[in-house]
Amino acid sequence: MAVKKIQSALISVFYKDNLEPIIALLKKHGVTIYSTGGTQKFIEDQGAEVIPVEELTSYPSIFGGRVKTLHPKVFGGILYRRENEGDLSQAAEFEIPAIDLVIVDLYPFEETVASGASEADIIEKIDIGGISLIRAAAKNFKDVTIIASKNQYAELEAKLTEQDGGTTLEDRRYFAAQAFQVSSNYDTHIFNYFNQSENIPALKVSESKAKALRYGENPHQAAHFYGDLEQLFDQLNGKELSYNNLVDVDAAVNLIAEFPDQTAFAILKHTNACGCATASTVKEAYQKAFAADTLSAFGGVLVTNQTVDKAAAEEMHSLFFEVLIAPEFTEEALEILKGKKNRILLRQKMALPGTKMIKTLLNGVIEQDKDLATESKADFKVATQKAPSEKEMDALVFAAKVCKHTKSNTIVLSNDNQLFASGVGQTSRVDALKQAIIKANEFGFDLKGAVMASDAFFPFPDCVEIAHEAGITAVVQPGGSIKDQDSIAFCDAHGMSMVMTGVRHFKH
């Protein structure tokens, strides 16, 4: 494609970082530069001549800098069509010079919101002139090159170096697409800021960071992650995270967040916990979690909420697992765990942000609040004549937390802050319970005195009947069935206790 030499440029940026090489190239090629305020001074300090925008427009910067570039001589110079006789005639009539390159870096709106600044400061960071310049230059990409972010300076530098100070139509179209991505992302964040209080029923999601994954759930599916993983994790070892790794990591950090005041460990497979426990040390918590299902733990995702030390690392090193997540690792632990080069080690730097979740479905998207409800003993309503003992109450709290994060229909069996087994993703709650009992027995757990948690109510007494036969003595469930009394009556007749939470935790 033909290269069009850049003869004039308008530069107005918030951040000047890494702009020096661009200025040097424009100076080398004799490009006329227009600029304003701090950017003008920066360019002049690089030894380049600058025409102030005020000189072009015959208007000063007014209203505290709110209006600087909003003028026909600026926007006309960007928007007029170089091959249109009418546009050329009007440009000559009104003495509007052509502007071939626009470099804009918008006011940092997202960063200002994230800093906790006052609303007045946030509003002042809504860029008006800059966003208008971006849209104008991108619209006229046939004649104008638009650089809408400091992240594109290096690309522009390479193009100008390789093409003797010019760009091709293909280059300009590419930069225009990037510019509209910048402008749409910017407007999305502004809308979402205002919509925190207005609650307009509109879904606006924009993530400007993208990472291509090896593949999706299966090798024939392409996949990307959109977001900033580095905000959440430091990856200390291992291969790149896959789609399935990311799904399991999300489930793992959500589950472990349920135990803020205990030393907890969980092992997950396909987003469900196959092991979970709390203990006095990470090593002991791992041992208890691993014991729940030594078979499923193979190739799983491991997570803890405490520092992984040498003793814990030595204990789990022999297990093949994909990912280990922890808030910190000792140097001795890292030395051991890095012995497997593909083993992914993630240091979690912060809790998961956000209170909403979205999912594509049919020909649209569904959105909901995250399930942030977690029941404690204070939320339990004793439904039976016999109340759970204090030990059983603690066990029920633990079981309910694990149950909340397990795919429906589910039943969780546990005791002594240790998951014994769970029935996962069954179409029948009875099947879920039977599956859990079989697994618990296979791994040598004595269910006498154990507790049971259900993610939804019991429409029939069959589950408590089966649980009683297995030796289970206490049950936690939401309640709410028109036949609640049938299950309660069975428990009363057989010395079992049952508490109800009033909160259902379906997970699909």
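# Walking through strands, helices and loops

Visitor: How many bridges join β19 to β20?
Guide: Keep in mind that this is a predicted model. β19 and β20 run antiparallel. The number of bridges joining β19 to β20 is five.

Visitor: Which residue of β20 is the bridge partner of V412?
Guide: V412 is one of the residues of β19. Its bridge partner sits in β20. That partner is S422.

Visitor: Which residue in the turn between β19 and β20 has a positive phi?
Guide: β19 and β20 form a hairpin. Two residues lie between the strands. One residue in the turn has a positive phi of about 50°, and that residue is D416.

Visitor: How many bridges join β19 to β21?
Guide: β19 also runs antiparallel to β21. I411 has its bridge partner in β21, namely S454. The number of bridges between β19 and β21 is four.

Visitor: Which residues of β19 are buried on the side of V412?
Guide: Five of the five residues of β19 are buried. In a regular strand, side chains alternate between the two faces of the sheet. In β19 both faces are covered, with I411, L413 and N415 on one side. On the other side are V412 and S414.

Visitor: Is Q418 buried or exposed?
Guide: Q418 lies in strand β20. Its relative accessibility is 12%. Buried means under 20%, so Q418 counts as buried.

Visitor: Which residue offers the backbone oxygen that the side chain of Q418 reaches?
Guide: Leaving aside neighbours within four places in sequence, Q418 is in contact with residues including C276, A277, L413 and F445. A291 and F398 are also among the contacts of Q418. The side chain of Q418 reaches a backbone oxygen at 2.9 Å, and that oxygen belongs to K288.

Visitor: Which residue is joined to N409 by a cis peptide bond?
Guide: N409 lies in the loop between α16 (390-404) and β19. The cis bond has an omega of about -15°. The residue joined to N409 by this bond is S408.

Visitor: How far apart are the end C-alpha atoms of α17?
Guide: α17 covers residues 429-442, which makes 14 residues. At 1.5 Å a residue, they should span 20 Å. The end C-alpha atoms agree with that span, being apart by 20 Å.

Visitor: Within what arc do the buried residues of α17 fall?
Guide: The buried residues of α17 are R429, V430, A432, L433, A436, I437 and A440. Seen down the axis of α17, they line one face of the helix. They do so because they fall within an arc of 160°.

Visitor: Which helix is among what covers the buried residues of α17?
Guide: The cover includes the strands β19 (411-415) and β20 (418-423). It also includes β21 (451-454). The helix among them, with residues 462-470, is α18.

Visitor: Which residue caps the N-terminal end of α17?
Guide: A side-chain oxygen lies 3.1 Å from the backbone nitrogen of V430. Just after α17, G444 takes a positive phi of about 80°. At the N-terminal end of α17, the cap is S428.

Visitor: What span should the 14 residues of helix α12 have?
Guide: α12 holds residues 243-256. Its buried residues include L246, V249, A252, V253 and I256. The end C-alpha atoms of α12 agree with the expected span. At 1.5 Å a residue, that span is 20 Å.

Visitor: Which are the edge strands of the open sheet of five strands?
Guide: The order is β4-β3-β2-β5-β6, with parallel pairing. Two bridges join β3 to β4, and Y34 has I51 of β4 as its bridge partner. An edge strand pairs on one side only, as do β4 and β6.

Visitor: Is F63 buried or exposed?
Guide: F63 sits in the loop between α3 (53-57) and α4 (72-79). It has a positive phi of about 55° although it is not a glycine. Its relative accessible area is 62%, so F63 is exposed.

Visitor: What is the relative accessible area of N199?
Guide: N199 is found in the loop between α10 (169-198) and β8 (210-212). Its phi is positive, near 55°, in a residue other than glycine. N199 counts as exposed, because its relative accessible area is 60%.

Visitor: What distance separates the centres of domain 1 and domain 3?
Guide: Domain 1 covers 4-195, domain 2 covers 232-348 and domain 3 covers 381-500. The centres are taken over C-alpha atoms. Those of domain 1 and domain 3 are separated by 64 Å.

Key. Residues numbered from 1 in each chain as written. Predicted model: local features only at pLDDT ≥ 70, side-chain atom pairs only at ≥ 80, totals over all residues. Heavy atoms only, no water. Expected span 1.5 Å × (residues − 1). Buried < 20%, exposed > 50% of the residue type's maximum accessible area, 1.4 Å probe, protein only. Arc of directions from axis to C-beta. Contact = heavy atoms within 4.5 Å. Polar contact = N/O pair within 3.5 Å; in protein donor to acceptor, adjacent residues only side chain to side chain. Domains from an automatic or database assignment. Pairing = 2+ DSSP bridges.
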